[in-house]
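Visitor: Please take one residue of this model and go through its surroundings closely. Some context on the whole chain would help as well.

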Amino acid sequence: VQLQASGGGSVQAGGSLRLSCASSGSIGSFETMGWYRQAPGKQREPVADDNFGGRPNYVDAVKGRFTLSRDKPQNTMYLQMNSLKPEDTGVYYCKGLRRGTAYWGQGTQVTVSS
């Protein structure tokens, strides 16, 4: 299974982007999926995840601005990012966890200018 992230870009503060994470296999096979980001000079950190049994979880910094969703027929997970801030800048990665194995997509760059 491969995950491919896309949708990054450069926007001004207050703008929006939608990231996509396309799976080469059934997205329903993942127990958990989520998004991580890595800012310049910092470690990769979680942004949002979902075990698809309830509501997604978000870190405080993005609550109310980011929305994780998935389209099972399209085998794609999304991250809708609104009201973007310069501190949201970084490389965004998608991750899927299946049977104890983590699958990572390649990163997609998000740059938010003030």
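Guide: What follows looks at Arg 65, with the chain as its setting. The model is predicted, and the values below are computed from it. In sequence, Arg 65 sits in the loop that links strand 6 (57-58) to strand 7 (66-71). Despite the loop position, Arg 65 counts as buried, because its relative accessibility is 10% and the cut-off for buried is under 20%. Leaving aside residues up to four places away in sequence, Arg 65 touches Gln 80, Met 81, Asn 82, Ser 83, Leu 84, Lys 85 and Asp 88. One of these, Ser 83, also takes part in a polar contact: the side chain of Arg 65 reaches the backbone oxygen of Ser 83 at 2.9 Å.

As for the setting, the chain has 11 strands and zero helices. Its radius of gyration is 13 Å, close to the 13 Å that the globule rule gives for 114 residues, so the chain is as compact as a globular protein of that length. Along the principal axes, the C-alpha atoms fill a box of roughly 40 × 25 × 25 Å. Of the contacts in the chain with a separation of 6 or more, 52% join residues 24 or more positions apart.

Arg 65 is buried, and buried residues make up 38% of the 114 in the chain. The accessible surface of the chain is about 6,100 Å², with 43% of it belonging to carbon and sulfur atoms. Regarding charge, the chain has 13 positive and 8 negative charges, and the mean positions of the two sets lie 3 Å apart.

Notes. Residues numbered from 1 in each chain as written. Predicted model: local features only at pLDDT ≥ 70, side-chain atom pairs only at ≥ 80, totals over all residues. Heavy atoms only, no water. Helix = DSSP H or I, 4+ residues; strand = E, 2+ residues; numbered from the N terminus. Rg over C-alpha atoms; globule rule 2.2 N^0.38 Å. Buried < 20%, exposed > 50% of the residue type's maximum accessible area, 1.4 Å probe, protein only. Contact = heavy atoms within 4.5 Å. Areas by Shrake-Rupley, 256 points an atom, 1.4 Å probe, with all protein chains shown as cover. Lys, Arg positive; Asp, Glu negative; His and termini not counted. Charge placed at Lys NZ, Arg CZ, Asp CG, Glu CD. Polar contact = N/O pair within 3.5 Å; in protein donor to acceptor, adjacent residues only side chain to side chain.
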